[in-house]
Amino acid sequence: MARISLTPPRTLFFRAMEWYSKRTYGKVLDPGRAMAHNRRVLWSYLRFEQSVAKYDKLDKDLKALAEMASAAAIGCSWCMDFGHWESRRRGMDPRKVRDVPLWRESDAYTPLERDVMAYAEAMSANPPETDDELSARLLGRLGEAAFVELTMMVAVENMRSRFNSAMGLTSQGFKEVCDLRDARAGTSRHTV
């Protein structure tokens, strides 16, 4: 249960954010509802996310795997739910999306994807447990610009996941939307 009311004052700014969120995601995102209790926090966060969305040096699937591995390591069910939906919406392999929490046991991932998820987990530990060998391997495979972007995206996901977890935000049912869509297409609900 959320630790703050998810019905903030209905200011003009909140109503604009609410309209955009419904139009883009089909519902108002709970983190936005929580942040709307402080207009400056919400405004700063929205501008920040708009800037982050423009990063383009790291492959989108690697970015998604890093974000979800970080969210899983922190234990943010809201981020896992939304990340699952967003990745499936972009067309990412459903098995890769589904297996993130147990990526070490899954054979769905390439060695590079495994390194990306290991790095995300290591960065998400407290204190961070990144090491020179893994960093050098990723730097060699990705290049400097993409490695910096990977590192920043894991740091960003840590911020998101820790905020959502601390606020008590949990799944909003995004994953179920994927499951229902896949079921209508004739696949099993358990394939996603």
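Select Glu 49 to begin: once its neighbours within four places in sequence are set aside, this residue is in contact with Val 156 and Arg 160. Before going further, keep in mind that what is on the screen is a predicted model.

With Glu 49 still selected, show the helix around it, which is α3, covering residues 39-52. Then add Val 156 and draw a C-alpha to C-alpha distance from Glu 49, which comes to 9.2 Å although 107 residues separate the two in sequence. Glu 49 has a relative accessible area of 18%, and because the cut-off for buried is under 20%, Glu 49 counts as buried.

Next, move to Ala 64, which is found in helix α4, residues 60-74. Is Ala 64 buried or exposed? Its relative accessible area is 8%, so Ala 64 is buried. To see what surrounds this residue, select Ser 87, Arg 90 and Met 92, with which Ala 64 is in contact when its neighbours within four places in sequence are left aside. A further C-alpha to C-alpha distance can be drawn from Ala 64 to Leu 150, where 86 residues in sequence correspond to 10.0 Å in space.

Ser 87 leads into the next stop, since this contact of Ala 64 is also one of the buried residues of α5. Select the whole of helix α5, residues 77-89, whose 13 residues reach 18 Å from the first C-alpha to the last, close to the 18 Å expected at 1.5 Å a residue. The helix is mostly covered, with ten of its 13 residues buried; among them are Trp 78, Asp 81, Phe 82 and Trp 85. Just after α5, pause at Gly 91, where the backbone takes a positive phi of about 95°.

Which residue makes a polar contact with the side chain of Trp 78? Select Gln 172, whose side chain makes this contact at 2.8 Å, and which lies in the loop between α9 (144-166) and α10 (174-184). Now bring in Val 28 as well, because its backbone oxygen is worth displaying beside Gln 172: the separation from a polar atom of the Gln 172 side chain is 2.9 Å. Widening the selection around Gln 172, and not counting residues up to four places away in sequence, brings up the residues that Gln 172 touches, including Lys 27, Leu 29, Asp 30, Pro 31 and Asp 81. Although Gln 172 lies in a loop, this residue counts as buried, at 16% relative accessibility.

Note on methods. Residues numbered from 1 in each chain as written. Predicted model: local features only at pLDDT ≥ 70, side-chain atom pairs only at ≥ 80, totals over all residues. Heavy atoms only, no water. Helix = DSSP H or I, 4+ residues; strand = E, 2+ residues; numbered from the N terminus. Buried < 20%, exposed > 50% of the residue type's maximum accessible area, 1.4 Å probe, protein only. Contact = heavy atoms within 4.5 Å. Expected span 1.5 Å × (residues − 1). Polar contact = N/O pair within 3.5 Å; in protein donor to acceptor, adjacent residues only side chain to side chain.
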